[in-house]
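Here is a small set of exercises to work through with the structure open beside you. Try each task on your own before reading its solution.

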Amino acid sequence: NESLLKIKDLTIHYVTEDGRVRAVEDMSITIGKGETLGLVGETGAGKTTTALGIMQLVPNPPGKIISGEIIFEGENLIGKSPAELRKIRGNKISMIFQDPMTSLNPVMTVGDQIAEVIKLHQKVSGGEAVIKAQEMLDTVGIPMERYKEYPHQFSGGMRQRVVIAIALACNPKLLIADEPTTALDVTIQAQVLNLMKKLKEEYETSMIMITHDLGIVAEICDKVAIMYAGNVVEYTDAESLFLSPKHPYTIGLFNSIPNIEEDVEALEPIKGLMPDPTNLPNGCSFHPRCPRATAACSERQPKSIEVAEGHFVFCLLYEHQLQLGGILDDQKI
Ligand code: SF4
């Protein structure tokens, strides 16, 4: 699969009065055309900063891209002029946020908002833009009669549909969705997710789905990057992750998912909290919470180990396994 976006060794820091926040460290991921990548982790893991990095919208100061490359359609976005970036944002890369109200104009009808984006990006006449906007409303499941209503007249789920319509109106190559369903109730969440799935198939848009919910990953993602304290700790295709999670943090995430078939008592949430981002522990950042930690884990940072084709894990356990003869035996891990 040809790659659309390739992030190489990306490092983004925020320099604040309280110290340096290592929001993203040495991240490398690739997204192919039509592929959906799940970026998974707790609040503060670096998911949103990664998205802002791709959009070149990291607030500077206090944020700064320290190093790395963001190659989109063969060109590095880092170092592009503000005018070039404006063309790419909205046109080729769109973003959907958790709270739809942040991206809607409260004093403009939803239909006009969609039509305006279409006019801007597709260079069509006002009349054509209105017709296309009506089609977009239909695509996202909003009755056309609501064209002339304002955002406050819509429910949360309907507003998010409007935002999706706006994001798709310019037919982006890449759609970044930052927890797009978190603010919605469960039934509506499922509807919005189904809509995104349908659109992904119809439009062949590549997507980055930022979420803390592995259920969403199972529904929609082809690949997954699990993030912890600014680092990608496991990176693979979704199937391998669900069949055979490797990193102790990933395994902890699976163990803490409520399962209606099992006794709730069996839930084992990951103990402790994410470390202070201005004062990360030495060695592996996960070591204070890791049930498998050894003395080496507080001394040395894990390197990327390819445990199976295309399945990368950043954990010393697997480095040891490799040193012990190169054969990875899950029973020993
Ligand atoms: Fe746990 Fe050590 Fe692996 Fe980190 S490197 S995840 S502390 S076993």
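The exercises below concern a predicted model, and each one comes with a worked solution.

**Exercise 1. Find the span that the UniProt record describes, and state its helix and strand content.**

Solution. Begin with the record: the unreviewed UniProt entry lists residues 5-254 as "domain: ABC transporter". Next, look at the secondary structure over residues 5-254, where the chain is 38% helix and 28% strand. Finally, check the two ends of that span: their C-alpha atoms are 28 Å apart.

**Exercise 2. Work out the strand order of the open four-stranded sheet, and say which strands are at its edges.**

Solution. Following the pairing across the sheet gives the order E2-E1-E4-E5, and the pairing is antiparallel. The edge strands are E2 and E5 (75-76), since each pairs on one side only. Now zoom in on one end: E4 and E5 are joined by two bridges in the antiparallel sense. Ile 71 has Asn 76 in E5 as its bridge partner. To finish, add the helix: H1 lies across E1 (3-16), E2 and E4, and runs at about 70 degrees to E2.

**Exercise 3. Locate the cis peptide bonds at Pro 61 and Pro 62.**

Solution. As background, most peptide bonds are trans. Start at the bond from Asn 60 to Pro 61, which is cis with omega near -5 degrees. Move on to the bond joining Pro 61 and Pro 62: this one is cis too, with omega about 5 degrees. Then place the prolines: Pro 61 is in the loop between helix H1 (47-55) and strand E4 (63-72), and Pro 62 lies in the loop between H1 and E4 as well.

**Exercise 4. Asp 26 and Glu 179 each have a positive phi. Where does each sit, and is each buried, partly exposed or exposed?**

Solution. Most residues other than glycine have a negative phi. Asp 26, which is not a glycine, has a phi of about 50 degrees. Asp 26 is found in strand E2 (residues 19-32). Count its surroundings next: Asp 26 has 18 C-beta neighbours inside 10 Å, so it counts as partly exposed. For Glu 179, phi is about 45 degrees. Glu 179 is in the loop between strand E7 (174-178) and helix H6 (186-203). With 19 other C-beta atoms within 10 Å, Glu 179 is partly exposed.

**Exercise 5. Check the length of helix H3 (residues 110-122), then describe its buried residues and what covers them.**

Solution. H3 has 13 residues; at 1.5 Å a residue they should span 18 Å. The end C-alpha atoms of H3 are 18 Å apart, which agrees. Among the buried residues of H3 are Val 110, Gln 113, Ile 114 and Val 117. The cover over the buried residues of H3 includes helix H4 (126-139) and H5. Just after H3 comes Lys 123, with a positive phi of about 50 degrees.

**Exercise 6. Which residues touch the most other members of the largest nonpolar core, and which helix gives the most to it?**

Solution. The core has 87 residues, and those touching the most other members are Ile 114, Ala 165, Ile 176, Ile 208, Ile 226 and Met 227. Helix H5 (residues 156-169) gives the most to this core, with nine residues. Take Ala 165 as a closer look: leaving aside its neighbours within four places in sequence, Ala 165 is in contact with Ile 114, Met 136, Leu 137, Thr 139 and Val 140.

Notes:
Residues numbered from 1 in each chain as written. Predicted model: local features only at pLDDT ≥ 70, side-chain atom pairs only at ≥ 80, totals over all residues. Buried ≥ 20, exposed ≤ 12 C-beta atoms within 10 Å, placed from the backbone. UniProt positions renumbered as here; feature names shortened; annotations may be inferred. Core = buried A, V, L, I, M, F, W, Y, C linked by C-beta atoms within 7 Å. Contact = placed C-beta atoms within 7 Å. Pairing = 2+ DSSP bridges. Axes fitted to C-alpha atoms, helices over the stretch in contact; angles between N-to-C directions. Expected span 1.5 Å × (residues − 1).
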